[in-house]
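Trainee: Before we discuss the metal sites, could you show me the sequence and the structure, so that I can ask how each label is justified?

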Amino acid sequence: MEPELSGQEQVTARLLENFLNRYQPDQLLTGLAGHGLAAIYDSGQAGPTLLLRGDMDALPIYESNDFIYRSTYDGISHKCGHDGHMAIIAGLAPLLKETPPQKGRVILLFQPAEETGQGAKAILEDPQFQTLKPDYCFAMHNLPSFPLGEVVIKDQVFAAASVGLQIELQGATSHAAYPERGKSPALALARLIQSLEALNQNIQSHENFSLLTVVSARLGEESFGITPGEARLMATLRSYEDQTLEDLRQKALHCAEAIAQEYGLEMAFSWHDYFPATCNHPEATGIIRASARAQGWTAMPPEEPFRWSEDFGWFTRLAPGALFGLGAGFNLALHSADYDFPEALLAPGIRIFQGILNELVFD
Ligand SMILES: [Zn+2]
Ligand SMILES: [Zn+2]
């Protein structure tokens, strides 16, 4: 597959459309929230509407692998394994063509722009999607650092909520020889970094986990002759509950406002890339465990929720659902230059989803 960045999944969408058309879904929606697609297999009988999601986007990372199927684009590659996730969800189309659901309907959803946290929300807001009203939703993510093929699942919070905060401090520049004639935000920025990081609480525990990571700080221009007049700081805030994240947002803002005031600076802020917590419904996790058991596999809970975020949290807010992991082995890391989705996960991934279908849309 040709990897494409979030919101630009044009070629990927065309490839999927061609593939899905071969397996004659009852309906194929395209152009969902940009380049998203939904292949719908409808029994025509009463029953639950089941949504299975695959994410479509790649990352701005240069692929260091040199195998034959390495990324065809310099600087863009599938370093989160979304190519594998798509292959698994698309792999259900031939099976549904051969054995259509006996009740309810199945939506194979291909969602753009997961990495920026924008795709899932945009799908939910798409008028075409709003007619579908799923009763259950499921998705999987491959998980490095877990045994290859191990099903990883837990009830309630599976992945953290997160949001990006950008703070701008505005002072006034002056000649570097006369700093007293300007208003430099240098000391305020230094204080801000320390104060924000001091907000971190319980980061080794599950209860009230609240983590703020300063990811970027910039001060003035790269000139030896100018006292800086502005500063910009970016931080990512995470927690396992939406309310804890809200509290952390308020604390971070108060902190920035107080420091700006103390140093006589103007302060502006903006929020970016919000992901709600992905909260797994016990009924949905029960179905995944049963599916794993039917294959003779055991599903293992992770020791604690994952600190990263997934925009599938928008779907688990919409309908009972669950995100589960499939272990990807120990020699890989997501978002790193040499990552490669393990092909060995394709068959087990399809089998787990088949088990979910068996439970909900077959008698
Ligand atoms: Zn990712
Ligand atoms: Zn991912």
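Mentor: The zinc ion (ligand 1) has as its protein donors Cys80 (SG), Glu115 (OE), Glu115 (OE) and His335 (NE2), at 2.1 to 2.6 Å. This is a predicted model, in which local features need pLDDT of at least 70 and side-chain atom pairs count only at pLDDT 80 or more, while totals for chains, interfaces and linings use all residues. Residues are numbered from 1 along each chain as its sequence is written, chains are lettered from A and ligands numbered from 1 in the order in which they are written, and side-chain values use heavy atoms, with hydrogens and water left out.

Trainee: What makes these atoms donors of the zinc ion (ligand 1)?

Mentor: Donors are N, O and S atoms within 2.8 Å of the metal (3.2 Å for Na, K and Ca), and because water is not among the atoms, sites may look incomplete. The atoms listed for the zinc ion (ligand 1) lie 2.1 to 2.6 Å from it, and therefore they qualify.

Trainee: Why is the site of the zinc ion (ligand 1) called irregular?

Mentor: Four donors count as tetrahedral if all angles lie between 85 and 135 degrees; four count as square planar and six as octahedral if opposite donors are over 155 degrees apart and all others between 65 and 115; anything else is irregular. The angles among the 4 donor atoms here run from 54 to 152°, so the site is irregular.

Trainee: Which residue bridges the zinc ion (ligand 1) and the zinc ion (ligand 2)?

Mentor: Cys80 bridges them, and the two ions lie 3.2 Å apart. The protein donors of the zinc ion (ligand 2) are Cys80 (SG), His82 (NE2) and His141 (NE2), at 2.1 to 2.3 Å, and along the chain they follow the spacing C-x1-H-x58-H. Cys80, in the loop between E3 and H2, is thereby paired with His141 in strand E5 (residues 136-143), 61 residues away, where strands (E, at least two residues) and helices (H or I, at least four) are DSSP runs numbered from the N terminus.

Trainee: How do you know whether Cys80 is buried or exposed?

Mentor: Buried means under 20% relative accessible area, exposed over 50%, and partly exposed in between (1.4 Å probe, protein chains only). Cys80 has 7% relative accessibility and therefore counts as buried, and His141 counts as buried because its value is 5%. His335, at 39%, falls in between, so it counts as partly exposed.
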